[in-house]
Amino acid sequence: MTDLPRTYLESQLSDWWGIHGRDLPWNETDDPYAIWISEIILQQTRVETGLKYYQDFLAKWPTMRHLAEATEDEVLRAWQGLGYYSRARNLHRSAKILVSDHQAQLPRSSSELQKLPGIGPYTSAAIASFAYGEKSIALDGNIHRVLSRVFYVAIDLTKSKERRALEKLGRDLIHQDSALWNRSLMEIGSSICQPRSTDCEICPLSSICQAFAKKDTLKYPIKKKRITVRERYLDFLLVRDNECLLIEKRGSEGIWKSLYQLPLIEQEKPETEPKATSSWNDIGDTLSIQLLHQEIRQLTHQSLRIRIYGTEMLTGPLKSSSYIIHPIESLDQLAFPISLRQFLELQGLI
Ligand code: SF4
């Protein structure tokens, strides 16, 4: 492609963005730290939800040094409700690495950014483009779809050779302003070039779009196979002892790593109901229990059937040291999975 169409296309895109671009704080800043935070929050979160977390996060930790000085529990607590907690852990770890080894500065290139925990090809390209103007294309689902149609190609993003080929095609479109390209392509993908419908008449890329020219706009990208969702049955127990609550800390594997929770048993089958507190590992005396709450929570690969039971105060000593007797008045200092937090709020315990 010559400079002429690139210049022309970029000015078309700029006009389009001026009208359709969303006023979001991370589009207005050139602070690499704030851009990094926004990209990590938005990895698996809708813009509407992520906005509040972004603002709260920056109010609490306005610079990399502030974040590095926080404890992991504090960061996880600020992340409550966003899910995918490894993002928060990696942010925190990266902040510590950057403060100790890089004078609290984010690397300027996507290849260097990828050396940090939790930053892959998409996020590194987005940060390098938005913060430093690197000519890179951040291939998220939206941009993948738009470029697959513009170039009328089937690209499997899990294959790095194919991914790099599409990144190059996208990069070759950029004249100067890669941030404009990335923002506009994301917005075009989410608003007018959607998985099952396209609004090509108002698309600023229709003049170069091969799918539009061939009147075959929905052929690409090739749809992925459906993912298998695992069903899990989680029963929690609310045990209150005067002004304290029995809790435990999750291990460092699986979902909700290192968060706090009520004592848990995981059932193999949905119909098996716990009948007494002794069903929970070594919790103590056998007392009857009653169901207080149930819900289903859908994650990408798991469907969680959650039940929460309540019981009377325990009379005997705890038989397991994995449980913690924690004062209710400071429970809100701890990070719980969102289902448990909402339940504890409803019970007036947080
Ligand atoms: S012209 Fe149509 S198919 Fe092509 S990118 Fe725009 S909306 Fe998508």
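These are my notebook entries on one protein chain and its ligand, taken from a predicted model.

**Entry 1: the whole chain**

I began with the overall picture. The protein chain holds 14 helices and seven strands. I looked up its extent next, and the C-alpha trace spans about 80 × 45 × 35 Å along its principal axes. The chain has 350 residues, and 33% of them count as buried. I also checked how contacts are spread along the sequence. Taking contacts between residues at least 6 apart in sequence, I found that 63% join residues at least 24 apart.

**Entry 2: two domains**

Where do the domains of the protein chain begin and end? The domain assignment gives domain 1 as 3-213 and domain 2 as 230-346. I noted that their C-alpha centres lie 37 Å apart. Seven residues from domain 1 and ten residues from domain 2 take part in the contact. I then asked which helix gives the most to the side of domain 1 that touches domain 2. That is α6, residues 72-79, with three residues. By class, this side of domain 1 has two nonpolar, three polar and two charged residues.

**Entry 3: around the ligand**

I turned to the ligand, which has 15 residues around it. Which of them come nearest? My list reads Cys 193, Cys 200, Cys 203, Cys 209 and Phe 212. I sorted the shell by class and got ten nonpolar, three polar and two charged residues. Both α10 (141-151) and α13 (210-213) supply at least two residues of the shell. Helix α10 gives the most, with three residues.

**Entry 4: Ile 143**

Since I was looking at α10 anyway, I picked a residue from that helix, Ile 143. Is Ile 143 buried or exposed? Ile 143 is buried, because 25 other C-beta atoms lie within 10 Å and the cut-off for buried is 20 or more. I set aside its neighbours within four places in sequence and listed the contacts that remain. They are Ile 137, Ala 138, Leu 185, Met 186 and Gly 189. I also took a distance to Thr 63, which is 80 residues from Ile 143 in sequence. In space the two are 30 Å apart, C-alpha to C-alpha.

**Entry 5: backbone angles to check**

A reminder to myself before this part: most residues other than glycine have a negative phi, and most peptide bonds are trans.

I went to Tyr 152, where phi is near 55 degrees, a positive value in a residue other than glycine. Tyr 152 sits in the loop between α10 and α11 (160-171). It counts as partly exposed because it has 17 other C-beta atoms within 10 Å.

Lys 215 came next, and its phi is also positive, near 55 degrees. This residue lies in the loop between α13 and β1. Why does Lys 215 count as exposed? It has 7 C-beta neighbours inside 10 Å, and a residue is exposed if the number is 12 or fewer.

I stayed in the loop between α13 and β1 (230-241), where Pro 221 also lies. Which form does the peptide bond from Tyr 220 to Pro 221 take, cis or trans? The bond is cis, with omega near -5 degrees.

Note on methods:
Residues are numbered from 1 along each chain as its sequence is written. This is a predicted model: local features need pLDDT of at least 70, side-chain atom pairs count only at pLDDT 80 or more; totals for chains, interfaces and linings use all residues. A residue is near a molecule or strand if its C-beta atom, placed from the backbone, lies within 6 Å of it. Helices (H or I, at least four residues) and strands (E, at least two) are DSSP runs, numbered from the N terminus. Ala, Val, Leu, Ile, Met, Phe, Trp, Tyr, Cys and Pro count as nonpolar, Asp, Glu, Lys and Arg as charged, and the others, Gly among them, as polar. Domain bounds come from an automatic or database domain assignment. Two residues are in contact if their C-beta atoms, placed from the backbone, lie within 7 Å.
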